[in-house]
Amino acid sequence: MTPSELKIIQSRDVFSFSLDAVLLSRFASIPPKGRIADLCTGNGVIPILLSDRTKAAIDAVEIQPRLADMAKRSVEMNNLAGQINVIEHDLRTFPKTAGNGVYDAVTVNPPYMTLASGEANTNEHYAIARHEIFCTIDDVAQACSRIVRPGGKVSMVHRPSRLLDIIEALRRWRLEPKRIQFVHPNRSTEANMVLIEAMRDGKPDIKLLPPIMVYDDKGVQIV
């Protein structure tokens, strides 16, 4: 099944995926087989997109019941229930259930905003998805570190303004940043997204990849 044939259930009242999820699914280094976890999975878009790149079993973890249900239905609609397992769980306690070092790779599109940064969305579902209500960057890094095997990769998409917080949290939990790529709306604007990949127990050695431009000079989307 090609990406264009995939079907994703979403709702403007609950959750709609955006370009950040698509870019993360392309950026992440994932194994051809084995086990992958996607934390903060939302409606399951990232695992569904990853299914086109790997035969690995994918666990999609989401704390919100309504979003987890949407993810399950999307997985079933794409006939991917044999590969993707949607788990309704809090990522902060998920490692106790999943076990330590059981995944070869982890992807995560966490909430970008701290509780102190602006007003939280009045829509509960969007507020949880966008603000650190149920998990902080440190919570995310800790969970990823516990469930990924030594040498395994953790890939994340976030905002550039939080990059130092992200790197500090990753290193605190033995996840060494290895690749960073900034995403710009166009070449005349500053980055509004950052993709970062870390390795569990890796050695310090980081690559800054060429930036991604979403639109060309004429305003045509090119990614």
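This passage describes the fold, the cores and selected contacts of one protein chain in a predicted model.

The protein chain holds 7 helices and 9 strands. It has 223 residues, and 49% of them are buried. Contacts across the sequence were also examined. Among contacts between residues at least 6 apart in sequence, 71% join residues at least 24 apart.

The largest nonpolar core contains 31 residues. Within it, Ile36, Ile84, Val183 and Leu195 touch the most other members. Several elements each supply at least two residues of this core. They are helix 1 (19-27), helix 2 (45-50), strand 2 (57-62), helix 3 (65-77), strand 3 (84-88) and strand 7 (193-200). A second core is separate and has 29 residues, among them Ala37, Val61, Leu91 and Ala141. In soluble globular proteins, nonpolar side chains tend to be buried together.

The surroundings of Ile36 can be listed in full. Neighbours within four places in sequence are left aside here. Ile36 is then in contact with Ile30, Pro31, Leu50, Thr54, Ala56, Ala57, Ile58, Asp59, Tyr103 and Ala105.

Helix 1 is mostly covered, with 7 of its 9 residues buried. These buried residues are Asp20, Ala21, Val22, Leu23, Leu24, Ser25 and Phe27. Their cover includes helix 2 and strand 4 (103-108). Strand 5, strand 6, strand 7 and strand 9 (212-213) also belong to the elements that cover them.

Strand 7 is largely enclosed by the rest of the structure, because 7 of its 8 residues are buried. Two pairings involve this strand. Strand 5 (residues 148-158) pairs with strand 7 in the antiparallel sense, over 6 bridges. In this pairing, His158 has Val194 of strand 7 as its bridge partner. Lys153 stands opposite Met199 in strand 7. Strand 6 (residues 175-184) also runs antiparallel to strand 7, and 8 bridges join the two. Here the bridge partner of Pro177 is Ala198 in strand 7. Strand 5 has a further pairing, with strand 4. These two strands run parallel and are joined by 5 bridges. Tyr103 stands opposite Val148 in strand 5. Tyr103 is also one of the contacts of Ile36. In a regular strand the side chains alternate between the two faces of the sheet.

Two helices were examined as a pair. The axes of helix 6 (residues 137-147) and helix 7 (residues 163-172) come within 8 Å. They cross at roughly 35 degrees, and the crossing is right-handed. On the helix 6 side, the contact involves Ile137, Asp138 and Ala141. These meet Asp165, Ile166, Ala169, Leu170 and Arg172 in helix 7. The residues of this contact divide into 5 nonpolar, no polar and 3 charged. Ala141 of helix 6 is also a member of the second core.

Lys207 lies in strand 8 (residues 207-208). Exposed residues have over 50% relative accessible area, so Lys207 counts as exposed at 54%. Lys207 still has contacts. Residues up to four places away in sequence are not counted, and Lys207 touches Lys178, Arg179 and Ile180. Lys207 and Glu197 are 10 residues apart along the chain. Their C-alpha atoms are separated by 9.8 Å.

Terms used:
Residues are numbered from 1 along each chain as its sequence is written. This is a predicted model: local features need pLDDT of at least 70, side-chain atom pairs count only at pLDDT 80 or more; totals for chains, interfaces and linings use all residues. Side-chain values use heavy atoms; hydrogens and water are left out. A nonpolar core is a set of buried Ala, Val, Leu, Ile, Met, Phe, Trp, Tyr and Cys residues joined through side-chain atoms within 4.5 Å. Buried means under 20% relative accessible area, exposed over 50%, partly exposed in between (1.4 Å probe, protein chains only). Helices (H or I, at least four residues) and strands (E, at least two) are DSSP runs, numbered from the N terminus. Contact means heavy atoms within 4.5 Å. Axes are lines fitted to C-alpha atoms, for helices over the stretch in contact, and angles run from 0 to 180 degrees between N-to-C directions. A crossing is left-handed if the near helix is turned anticlockwise from the far one by less than a right angle, and right-handed if clockwise. Ala, Val, Leu, Ile, Met, Phe, Trp, Tyr, Cys and Pro count as nonpolar, Asp, Glu, Lys and Arg as charged, and the others, Gly among them, as polar. Two strands pair if DSSP finds at least two bridges between them.
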